[in-house]
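Let's work through a few exercises together on the empty spaces and the packing inside a protein. Keep the view open and follow each step as you go.

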Amino acid sequence: MARRAMGAGGGSGGPGRGGGVKRARRPEVRLPRLEPFRDGELEPDGDYDGLEFREEDLTGQDGGGARFMDCALRGCALDETRLHHARILDSVLTGPRGVGTDLAESTLRDVELVDARLGGVQLHGAVLERVVIRGGKIDYLNLRKAKLRDVVFEGCVLVEPDFGGARLERVEFVDCALKGADLTGVTLTDVDLRRAGELDITRGVERLAGAVISPSQLLDLAPVLAAAVGVRVEADE
């Protein structure tokens with residue numbers, strides 16, 4: 001079972017790097033001895049406890065409403081896999097790959113997602129709490145109206161992620177790239193963007209209240225911020 005761990009500095013920022021921003025609490029997932037998954041296909045509302053899914057092809061399968069507790073998914077194919085309303089708890093997903101995985105309105109709590117290669121993942125309306133997304137690349141991640149609390153994006157690439165209408169609290173972006181992010185209608189509380197390797201916001205830059213950025217990021221975002229508030233920037237003649 002995952003042990004709830006406080007971030008460095010006891011969960012709140014102090015002088016220096018924390019700078020008054022509350023740090024995300026990371027999960028520490030310690031899995032029990034796992035049994036191999038042998039059932040062949042997922043079932044809607046299934047109950048999966050203490051199982052290892054190793055290189056399973058779950059393409060197109062329907063696990064809507066299922067519960068995964070103390071599980072490991074390693075190298076699984078998730079193309080068009082339906083996990084709507086699923087609950088993934090105290091689990092590790094390593095090297096998942098696929099396009100169009102449906103995790104809409106799901107719950108991820110105390111989860112590590114490592115080296116994902118995913119595209120068009122549907123997480124709209126989902127709840128993510130104490131989640132680390134480390135490494136890999138996710139294209140067109142849909143997090144519209146999702147709730148993220150104590151979430152860390154670390155060393156990953158997010159291409160055109162959609163956070164429209166989402167609520168982010170104690171979320172950190174560490175050595176990761178955000179390319180073409182949509183922050184339309186987002187609500188941010190203690191969101192730390194300073195260590196993002198790339199920060200490209202195409203929409204919703206005016207919603208950055210509640211986030212912390214670095215001086216260099218401010219300079220990079222200056223043209224977008226000026227456009228958002230209707231300021232024209234012209235050279236003095």
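**Exercise 1: the largest cavity**

Task: sort the lining of the largest cavity into nonpolar, polar and charged residues.

Solution. Step one: the lining divides into 16 nonpolar residues, no polar and no charged. Here Ala, Val, Leu, Ile, Met, Phe, Trp, Tyr, Cys and Pro count as nonpolar, Asp, Glu, Lys and Arg as charged, and the others, Gly among them, as polar.

Before going on, note that this is a predicted model, where local features need pLDDT of at least 70, side-chain atom pairs count only at pLDDT 80 or more, and totals for chains, interfaces and linings use all residues. Residues are numbered from 1 along each chain as its sequence is written, and side-chain values use heavy atoms, with hydrogens and water left out.

Step two: get the size, which is about 170 Å³. A cavity is a set of points, on a 1 Å grid over the protein atoms alone, where a 1.4 Å probe fits but cannot get out; lining residues have an atom within 4 Å of a point. The volume is the space filled by probe spheres set on the points, which are joined across faces, edges and corners.

Step three: find the centre. Of the 16 lining residues, Leu-103, Leu-108, Leu-113, Leu-118 and Leu-123 are the closest to it.

Step four: strand 8 (87-94), strand 10 (107-119) and strand 11 (127-139) are the elements that give two or more residues to this lining. Strands are DSSP runs (E, at least two residues), numbered from the N terminus.

**Exercise 2: the second largest cavity**

Task: say which elements give two or more residues to the lining of the second largest cavity.

Solution. Start with its volume, about 70 Å³. Its lining includes Phe-163, Phe-173, Val-191 and Ile-201. The elements you want are strand 14 (167-174), strand 16 (187-192) and strand 17 (198-203). By class, you get 11 nonpolar, no polar and no charged residues.

**Exercise 3: the largest pocket**

Task: give the classes of the residues that line the largest pocket.

Solution. A pocket is an open set of points with protein on both sides within 12 Å along at least five of seven lines. This one holds about 160 Å³ of space. Among its lining residues are Glu-129, Lys-147, Leu-148, Arg-149 and Thr-187. Count by class: four are nonpolar, two polar and five charged.

**Exercise 4: a pocket residue with many neighbours**

Task: list what Leu-148 touches, not counting residues up to four places away in sequence.

Solution. With contact meaning heavy atoms within 4.5 Å, Leu-148 touches Leu-128, Leu-143, Phe-153, Phe-163, Arg-167, Leu-168, Glu-169 and Val-171.

Technical notes:
Helix = DSSP H or I, 4+ residues; strand = E, 2+ residues; numbered from the N terminus.
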